[in-house]
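Open the model in your viewer and keep the selection box at hand. We will go stop by stop.

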Amino acid sequence: MLLLLLLLQLLVIGSCSPPRCDPRVRGFCKPREQQQKPKCTDVMLSYCSDMSYTETVFPNLAGHRTREETEGGAEYLLLSVVEALLGGKCNPDIRMLGCSVLVPRCEKDVALKPCRATCQAVRARCVHAFEAIEMNWPYFLDCDRFFAGEQEGCYDPLEGLHAKQDADDYDSIEMLLAEEPGTTMKFVYHSNTQMNSILKATEERCPEIARTYSIGRSIEGRELLVIEFSNNPGKHELLEPEVKYIANMHGNEVVGRQLLIYLAQFLCSEYLQGDERIQTLVNNTRIHILPSMNPDGYEVAASRAQGSNDSGDDDGREGQRYAASEIGRNNAQNLDLNRNFPDLTSIVYNRRRQKGYRTDHVPIPDYYWFGKVTPETYAVMKWIRSIPFVLSASFHGGDLVVSYPYDLSKHPLKRNLLSPCPDDKVFKFLASAYADAHETMSYESARCGSSRSYSQKGTVNGAEWFSISGSMQDFNYLHTNCFEVTVELGCDKFPPEEELFMGWNENQEALLAFMEAAHRGIKGIVKDEAGNGIKGAQISVRGVRHNITSGENGEYFRLLTPGIHVVGASAPGYTKAMKKVRLPESIRRAGRVDFILVKIPDAQDQDNRTMEAYNRFDPYNQYERYTLMADVHSREERVEKPWWWNYFVQSGGPSPTWLLKHY
C-alpha cells in the first residue's frame, strides 16, 4: 500500500512540472540560451589599428573572452606604454607582435596564429631591452606557445609595416642608434634596481672590458655594485694603475650617481666604436666605478623629491625644498658615512712632534671597532685595502669645488683652518686636473655655496673650508697608497632631471682627464739582486713626509708634480737606494724608475710593529655585528619592485607578477 502511494505522488509531481521548451511554441516557455560560435569582428583596439588585417575574433589567443576584457588587461596596457618603457627601442615590433596575440587575425571565423620565426627574431633583438629595465619577456609573447610554424599556415604579424624596405631601414637606424652613447643614456633619475640593471647590461654589452662585482650590502640589504673597466677585467696587471670613482655617499646628493652611470655607458660605447682615447685609457688603466655607496639613503631622498615635485602649492616651496634637501643624506642607521671612517688625521696631529712619525699606512686604532661602524663603511674599507688603488674621487653635491686633504683642521679646537698634508702640491695638481677640465668650475663667476670665500680656481683645502673628522679622503691618504679628492658637483643636490644632460656635458671631459692623471709621476719595481720583487718597500720623496709602499711583485706608483725630485727606496734588511728624477711638464705618462736593493749581510730584523698593526684589520672579528642587519634583510628575500611596477598596479587589475624577473 505504501509503495502504491509513493508511485501516485511521483505521477502527480511529474504532471505538474513545466513542459520542455519547444522553439515552435511561442511564449510557452523561455528557450535555453545556446552558446554562440566565435565570429570574426572588427579590430577596435586603438594600439592595434595599424595591423595588416581588419578582423579579429574572441576569445583571443591569450584567453580574453571579449574586447573589453582585453582592453582592461595588463597585456594591452603593456603594449600601450612599451615604447616609453623601452626608450623607443623595438617599437613597433613588440606592439604589433603583441597585437597578433591579443587581436589575432580572423579568417572564416577562426583565429590564425602568427609565425613563430618572426617572434623568435624579434625576441633575439629585443630581449635585452626588457632585461635592461628588469622586466621579464612577456608571457603572451612566448614564441612556442602562442605562435605557429609556417607549415601550419601562420602569417607574418609585422607585414603591416608600410614596406619591407621601411622595416629594414628601421632596423638599420635602430642598430646605429644603439651604438650611439647618447641614446643609451637616459637623462632621468634611475632607481637602485634600474642602476644595477644598467651596470649589468653594460657588462653584457662589453664583456671583454667590463665586469660587475659586489663589495657588500647596505644596512637594508641593497647591493653595493661596482663596475670595472680594463682590457683584462678581474685581474691586476703589473704596472697598470688602479682608479676608483665613488658617488652618492650622501644619499641626497645624486648628480654624481647619475654621472657615474653615464660614464660606464660612455666607456663601453666609445670603446666599441674605436675611440682611440678611450681605448688607450681602458687598456692601460683599471677603472672601478661605485655609483652608489648609500643606496638606502637614495631611496628616501628620491621618494621625498618625488613627493615635493608632485605638490602644486607654491607657498613656502623654497623652504620645503631646503628642508627636503637633507632627507636621505645619512644611511638607514642615520649615520653620516663621510664621518664614519677611522679618524687617522687626529692620530697624525698628535704624533707630529715625535721623531720619525709617519703619515702613511697609519693603523686603524682598536677602539674604532667598538663604535658604530656601518656595513657600507666596512665594505668600502675592505675594498680599499684589497686593491692597490692609486687615485680616487668621491662625488658630492652642495657646492661647486674640488676639495683635498686634510679634511680635519689642525686647529686645537678643530675650527676651520688651512691644514695641508705633506703632498699638498700633488693634491692641488690633481684637484686642478678636474676643475680645469670642467666647463665652469674654475671660473670665479661660477662659484656657489660656502666654499666661495676659500676656493681658488675651483679647488680648496678641505679643513680650511669645512673641518670634519672621519672622512673617506683622509682615510685613503693616511691608510693606503691611494690619493683621493672630493668633487662637489653643484649647489643643487637633487636638481631637476632636465639639468642632468647639462651636468654630463660639463663633467664628461673632467671625468676622463682626472683618470688620466693616474699616469702622472713615476712607477716601477723594487727588486733584490736576484731580480725578485720586494713587497713592502718604502718609496720616499725628499721633502715629503709621506711614503708609498710597494705591493705584490715589488711594484709601486708614486704620483708627483712635474719637476725634479729625489726619490728613495728602502726595505728592512736592505741598503737604501736613491735616484734623482726629472719630470717634464709635457710628460703625460708615468716615468719608469726601478730600484735594486742590496741585501745587508747578517742584518738584524728591524722593528716592524707598525706594519703588523696595520695588517690587523677587524682584529676582534666585528664583521658579523656590522653586517648582521644587512644579512637579515637579504635572508628575508626583500624584493624591491622596479620603477615601472606601480604603473601596472594602479591600473586596477590583478598584479602582473609575470613581468617581474625575481618574483
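Start with Pro92, in the loop between helix 3 (74–85) and helix 4 (93–102). The model is a predicted one. Select Asn91 along with Pro92: the peptide bond from Asn91 to Pro92 is cis, with omega near 10°.

Step back to Cys90. This residue belongs to the loop between helix 3 and helix 4. Its phi is near 60°, a positive value in a residue other than glycine. Most residues other than glycine have a negative phi, and most peptide bonds are trans. Is Cys90 buried or exposed? Cys90 is buried, because its relative accessible area is 3% and the cut-off for buried is under 20%.

**Another cis bond**

Go to Phe58 and Pro59. The peptide bond between them, from Phe58 to Pro59, is cis, with omega near 0°. Pro59 sits in the loop between strand 2 (55–56) and helix 2 (67–71).

**Another positive phi**

Now select Lys414. Look in the loop that runs between strand 10 and helix 16 (424–437). Phi of Lys414 is near 60°, again positive in a residue other than glycine. Lys414 is partly exposed, since its relative accessible area is 36% and partly exposed covers the range between 20% and 50%.

**Zoom out**

Show the whole chain as a cartoon. There are 22 helices and 20 strands. The chain has 663 residues, and 50% of them count as buried. Take the contacts between residues at least 6 apart in sequence: 76% of these join residues at least 24 apart.

**The open sheet**

Which order do the strands of the open sheet follow? Colour 8 strands and read across: 5-6-8-7-9-12-10-11, with mixed pairing. Strand 5 and strand 11 (459–461) are the edge strands, each pairing on one side only. From one strand to the next, the twist averages 25°. Strands of a sheet pair through backbone hydrogen bonds, either parallel or antiparallel.

Begin at strand 5 (residues 210–217). It pairs with strand 6 (residues 223–229) in the antiparallel sense, over 6 bridges. Select Arg217 and look across to strand 6: Glu223 stands opposite. The two strands form a hairpin with 5 residues between them. Stop in the turn at Gly221, where phi is positive, about 90°.

Next, pick strand 10 (residues 399–404) and strand 12 (residues 483–490). These two are antiparallel as well, with 5 bridges. Select Ser403; its bridge partner in strand 12 is Thr486.

**Helix 9, against sheet and helix**

Add helix 9 to the hairpin view. Helix 9 lies across strand 5 and strand 6, and runs at about 30° to strand 6.

Now bring in helix 10. Two packed helices are described by the angle between their axes and the distance between the axes. The axes of helix 9 (residues 192–205) and helix 10 (residues 255–272) come within 10 Å and cross at roughly 15°. Helix 9 is therefore roughly parallel to helix 10, a class that takes in angles under 35 degrees. Their crossing is left-handed.

Turn on side chains for the contact:

- From helix 9, select Asn192, Met195, Ile198, Leu199, Thr202 and Arg205.
- From helix 10, select Arg257, Ile261, Ala264, Gln265, Cys268, Ser269 and Leu272.

Colour this contact by residue class and you get 7 nonpolar, 4 polar and 2 charged.

**Helix 15 and helix 18**

Move to another helix pair. How do helix 15 and helix 18 cross? The axes of helix 15 (residues 375–386) and helix 18 (residues 472–479) come within 11 Å, at a crossing angle of roughly 30°. This crossing is right-handed. Helix 15 brings Val380, Met381, Ile384 and Arg385 to the contact. Helix 18 brings Met472, Phe475, Asn476 and His479. By class, the contact residues are 5 nonpolar, 2 polar and 1 charged.

**Last stop: Ser550**

Select Ser550, in the loop between strand 15 (544–549) and strand 16 (555–558). Ser550 counts as buried because its relative accessibility is 5%. What does Ser550 contact, leaving aside its neighbours within four places in sequence? Select Ile534, Lys535, Gly536, Ala537, Glu555 and Tyr556. Then pick the C-alpha atoms of Ser550 and Ile534: they are 7.3 Å apart, across 16 residues of chain.

Note on methods. Residues numbered from 1 in each chain as written. Predicted model: local features only at pLDDT ≥ 70, side-chain atom pairs only at ≥ 80, totals over all residues. Heavy atoms only, no water. Axes fitted to C-alpha atoms, helices over the stretch in contact; angles between N-to-C directions. Helix = DSSP H or I, 4+ residues; strand = E, 2+ residues; numbered from the N terminus. Parallel < 35°, antiparallel > 145°, perpendicular 65-115°, else oblique. Left-handed = near helix turned anticlockwise from the far one by under 90°. Contact = heavy atoms within 4.5 Å. Nonpolar A, V, L, I, M, F, W, Y, C, P; charged D, E, K, R; others polar. Pairing = 2+ DSSP bridges. Buried < 20%, exposed > 50% of the residue type's maximum accessible area, 1.4 Å probe, protein only.
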